[in-house]
Amino acid sequence: MPRYGPADSLKSPRFTGPSTFARLPHVTDLEGVDLAVTGVPFDTGVSYRVGGRFGPAAVREASMMLRPYNPNLGVAPFEVLSCIDYGDIAIVPGYIEPSYAAIEAAVSGLVAAGVVPLLIGGDHACTLAHLRAMRSHGKVAVIDFDAHTDAWDSYFGQKYNHGTWMRRAIEEGVVDVDHSIEVGLRGTLYDQSDWTVLRTELGLEYLTTEETLGIGAASAAARIRERVGDRPTWLTLDIDVTDPGFAPGTGTPEPGGPSAHDVLTMVRGLTGVDFVGFDVVEVIPAYDPAGQTAFLAANLAYEMLSLIALRRR
Ligand code: MN
Ligand code: MN
């Protein structure tokens with residue numbers, strides 16, 4: 001059996017004990033660890049609602065419900081992987097670039113120890129720091145589930161925030177653009193070119209929400225798998241890709257999105273991909289009245305670690 005795993009909820013009730021992801025032990029020694037769930041309580045990069053710094057705590061709380069067997073993928077992930085809750089990265093509240101440095105240092109440490117990072121945000125600006133930390137893998141293919149492109153050049157003259165990280169990451173040479181894709185784009189735009197520049201300027205493929213719902217979640221997953229091929233791949237999931245009826249607790253909600261089931265199906269459909277890391281971002285518990293956004297984020301994180309377990313089994 002793996003060195004580290006969750007507490008047995010048939011022996012101690014799941015609502016007991018300190019709050020960690022999926023009741024995993026909070027461990028900071030990386031010996032014998034395959035995957036580390038890590039909080040990134042950073043929300044200084046947002047353009048609208050703030051509060052994502054409390055996302056990791058809310059997702060941990062909701063993740064107490066997770067059980068050891070994934071019936072959809074047919075895998076018991078914690079029997080395959082030694083998983084820990086690595087705690088939260090000490091970001092610098094109010095300061096983006098020092099926070100990026102702290103995030104990159106912490107995630108680089110995980111990567112150097114051969115540990116797969118599964119990061120819980122925090123706002124989407126942090127994904128630039130996550131990708132910087134993956135340089136030892138070379139350029140990584142990026143799958144970005146998001147209602148928004150996050151590929152602006154700047155916002156109010158500023159280069160680093162949750163609307164620009166994708167463009168910065170491409171400029172910095174950490175993204176394998178030819179095998180990357182954004183999925184779930186929707187909502188009002190400033191201009192049609194907000195989307196089309198992805199292809200014409202950046203070489204980045206995309207599927208809109210209308211396209212994913214048109215072909216169905218399983219077919220969308222197949223299109224994504226085809227795009228990334230056998231490349232080392234980072235999966236980033238902005239919870240706002242989901243319809244705000246299912247995930248209201250987020251910063252920039254866009255009505256008319258895929259259901260929670262659709263999003264789970266798309267993620268679950270990414271079997272066989274060579275994932276090197278994951279993040280789930282933009283959960284804001286203050287706007288999440290029944291905790292449904294945090295429950296969904298916890299379940300999406302569970303699907304992500306199940307995908308790694310399935311590939312390694
Ligand atoms: Mn985003
Ligand atoms: Mn978004």
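Student: Cys-83: is this residue buried or exposed?

Tutor: Cys-83 counts as buried, at 0% relative accessibility. Buried means under 20% relative accessible area, exposed over 50%, and partly exposed in between, with a 1.4 Å probe and protein chains only. Cys-126 is buried too, with a relative accessible area of 0%.

Student: What should I know before reading further?

Tutor: This is a predicted model, in which local features need pLDDT of at least 70 and side-chain atom pairs count only at pLDDT 80 or more, while totals for chains, interfaces and linings use all residues. Residues are numbered from 1 along each chain as its sequence is written, chains are lettered from A and ligands numbered from 1 in the order in which they are written, and side-chain values use heavy atoms, with hydrogens and water left out.

Student: How many disulfides does the structure hold?

Tutor: A disulfide is a covalent bond between the sulfur atoms of two cysteines. Here the test is a pair of cysteine sulfur atoms within 2.5 Å. The structure holds 0 disulfides.

Student: Which residues coordinate the manganese ion (ligand 1)?

Tutor: Look for donors: N, O and S atoms within 2.8 Å of the metal (3.2 Å for Na, K and Ca). Water is not among the atoms, so sites may look incomplete. For ligand 1, the protein donors are His-124 (ND1), Asp-146 (OD), Asp-150 (OD) and Asp-238 (OD). They lie 2.1 to 2.2 Å from the manganese ion. Along the chain, their spacing is H-x21-D-x3-D-x87-D. Asp-150 sits in the loop between β4 and α5, and Asp-238 in strand β7; this pair links parts of the chain 88 residues apart. Helices (H or I, at least four residues) and strands (E, at least two) are DSSP runs, numbered from the N terminus. Both Asp-150 and Asp-238 are buried.

Student: And which residues hold the manganese ion (ligand 2)?

Tutor: Its coordination comes from Asp-146 (OD), His-148 (ND1), Asp-238 (OD), and Asp-240 (OD) listed twice, at 2.0 to 2.6 Å. The donor spacing in sequence reads D-x1-H-x89-D-x1-D. The two manganese ions are 3.2 Å apart, and Asp-146 coordinates both. His-148 lies in the loop between β4 (141-145) and α5 (165-171), and Asp-240 in the loop between β7 (232-238) and α9 (260-268), so the pair ties together parts that are 92 residues apart in sequence. Asp-240 is buried, at a relative accessible area of 1%.

Student: Which residues lie nearest the centre of the largest pocket?

Tutor: Start with the rule. On a 1 Å grid over the protein atoms alone, a pocket is an open set of points with protein on both sides within 12 Å along at least five of seven lines. In a cavity, a 1.4 Å probe fits but cannot get out; lining residues have an atom within 4 Å of a point. Now the case: His-148, Thr-149, Trp-152, Tyr-155 and Tyr-190 lie nearest the centre, among 26 lining residues. Helix α6 (residues 193-202) gives the most to this lining, with 5 residues. The space is about 520 Å³. A volume is the space filled by probe spheres set on the points, which are joined across faces, edges and corners.

Student: What is the volume of the second largest pocket?

Tutor: About 400 Å³. It has 21 lining residues, and the closest to its centre are Pro-6, Ala-7, Asp-8, Pro-68 and Phe-78.

Student: How many cavities of 30 Å³ or more are there?

Tutor: The count comes to 1. The largest cavity holds about 30 Å³ of space. Its lining is Phe-21, Val-37, Thr-38, Gly-39, Pro-56, Val-59, Arg-60 and Ile-120. The elements giving two or more residues to that lining are β1 (35-40) and α1 (55-63).

Student: Where is the backbone unusual?

Tutor: Check three places. A cis peptide bond joins Gly-121 and Gly-122, with omega about 10°. Gly-122 is in the loop between β3 (116-121) and α4 (126-132). Asp-150 is not a glycine, yet its phi is positive, about 55°. Asp-150 is buried, with a relative accessible area of 5%. Phe-156 also has a positive phi, near 50°. Phe-156 lies in the loop between β4 and α5. This residue is exposed, at 79% relative accessible area.

Student: How many residues does helix α10 have, and how far does it reach?

Tutor: Helix α10 (residues 292-312) has 21 residues and reaches 31 Å from first C-alpha to last. That is close to the 30 Å expected at 1.5 Å a residue. The expected span is 1.5 Å times one less than the number of residues. In α10, 15 of the 21 residues are buried, so the helix is largely enclosed by the rest of the structure.
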